Amino acid sequence: MRSLVAAELLELWERERLSPPWQKALSLLTIACPDYSPDDLATLAIGRRDGLLFQLREWTFGNELASMARCPECSEQVEFVFTAGDIGAVPYENDGSPGSPSDPEIIDFRLVGYRGRVRLPNTRDMAAIAAIADQQAAYDALLASCVVELSPLAGKTFEDESKQDDDLPA
């Protein structure tokens, strides 16, 4: 990955000004990571993608993120400065490399009589649900696209799982 120059940022700003956020993110990384195809970058987990965007921001503009927020109670404006590292937003590869997009991160789980595997959502998933107006339908579609495997636990019922969860220490 490399930093961007002013002309690239301006051209991207003009070209993508009406694009959705996921498209802007992908466009930034496509320019900054010329060794990777847009398709490869679109399959990166959102956390990895956003970590790379934070690193790109740091390499292009510097380490400090100047911010402002308004208190919801008193409307007082607060200004503060932090770094991407302060909030844990760093890419998985310290050299700015996106890593291997062909190996999605898979999480194994067991929940209420089922076991399964899910992969972390990526930019493709976000693009697929962008036009879904109903929030629950978008959530369901996102979850369905990330489920790699789902199967019932042999011989277990919902009641068995609930009882087992009740036996866990608080």
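Which helix supplies the largest share of the lining of the largest pocket? Work through the exercises below to find out. The model is predicted.

**Exercise 1. Describe the largest pocket and its lining.**

Step 1. Start with the space. The largest pocket holds about 340 Å³.

Step 2. List the residues closest to the centre. The lining has 15 residues, and L9, L12, W13, K24 and L28 are the closest to the pocket's centre.

Step 3. Find the helices involved. At least two lining residues come from each of α1, α2 and α4.

Step 4. Pick out the main contributor. Helix α4 gives five residues, the largest share of the lining. That settles the opening question.

**Exercise 2. Outline the chain as a whole.**

Step 1. Count the elements. The chain has seven helices and five strands.

Step 2. Put them in order. Along the sequence the pattern runs α-α-α-α-β-β-β-β-α-α-β-α.

Step 3. Ask how much is buried. Of the 170 residues in the chain, 29% are buried.

Step 4. Look at the surface. About 11200 Å² is exposed, and 56% of this comes from carbon and sulfur atoms.

Step 5. Turn to contacts. Take those between residues at least 6 apart in sequence; 58% of them join residues at least 24 apart.

**Exercise 3. Examine helix α2: its span, its buried residues and its neighbours.**

Step 1. Locate the helix. Helix α2 covers residues 21-32, which is twelve residues.

Step 2. Check the span. From first C-alpha to last, α2 reaches 17 Å, close to the expected 16 Å.

Step 3. Name the buried residues. In α2 these are A25, L26, S27, L29, I31 and A32.

Step 4. See what they pack against. The buried residues of α2 pack against α1, α3 and α4.

Step 5. Add one residue that is not buried. Q23 also lies in α2. Its relative accessible area is 23%, so Q23 counts as partly exposed.

Step 6. Follow Q23 across the chain. Q23 and A127 are 104 residues apart along the chain, yet their C-alpha atoms are separated by 7.9 Å.

**Exercise 4. Analyse the salt bridge between E11 and R15.**

Step 1. Recall the principle. Side chains of opposite charge can pair when their charged atoms come close.

Step 2. Check the distance. The closest N and O atoms of E11 and R15 are 2.9 Å apart. The cut-off for a salt bridge is 4 Å, so a distance of 2.9 Å qualifies.

Step 3. Place the partners. Both E11 and R15 sit in helix α1, residues 6-16. They are four residues apart, about one turn of the helix.

Step 4. Judge exposure. E11 has a relative accessible area of 37%, so E11 is partly exposed. R15 is partly exposed too, at 45%.

**Exercise 5. Compare the R48–E105 and R49–D50 salt bridges. Are the arginines buried or partly exposed?**

Step 1. Set the scene. The structure holds eight salt bridges. These two pairs are among them.

Step 2. Take R48 and E105. Their side chains meet at 3.6 Å, N to O. R48 lies in helix α4 (residues 46-61), while E105 lies in the loop between β2 (77-82) and β3 (106-111), so this pair ties together parts that are 57 residues apart in sequence.

Step 3. Judge exposure for this pair. The limit for buried is under 20%, so R48, at 13%, is buried. E105 is partly exposed, at 25%.

Step 4. Take D50 and R49. Their side chains meet at 2.8 Å, N to O. D50 is partly exposed at 28%. R49 is buried, with a relative accessible area of 10%.

Step 5. Look for shared partners. Salt bridges join E11, R15 and E16 into one network.

Step 6. Answer the task. Both arginines, R48 and R49, are buried.

**Exercise 6. Place A69 among its neighbours.**

Step 1. Locate A69. This residue is in strand β1, residues 65-70.

Step 2. Judge exposure. A69 has 35% relative accessibility, so A69 is partly exposed.

Step 3. List contacts. Leaving out residues up to four places away in sequence, A69 touches E76, Q77, V78 and F80.

Step 4. Check a C-alpha distance. A69 and E79 are ten residues apart along the chain, and their C-alpha atoms are separated by 6.5 Å.

Methods:
Residues are numbered from 1 along each chain as its sequence is written. This is a predicted model: local features need pLDDT of at least 70, side-chain atom pairs count only at pLDDT 80 or more; totals for chains, interfaces and linings use all residues. Side-chain values use heavy atoms; hydrogens and water are left out. Buried means under 20% relative accessible area, exposed over 50%, partly exposed in between (1.4 Å probe, protein chains only). Contact means heavy atoms within 4.5 Å. Accessible areas come from the Shrake-Rupley method with a 1.4 Å probe; for residues, only the protein chains shown count as cover. The expected span of a helix is 1.5 Å times one less than its number of residues. On a 1 Å grid over the protein atoms alone, a cavity is a set of points where a 1.4 Å probe fits but cannot get out, and a pocket is an open set with protein on both sides within 12 Å along at least five of seven lines; lining residues have an atom within 4 Å of a point. Grid points are joined across faces, edges and corners, and a volume is the space filled by probe spheres set on the points.
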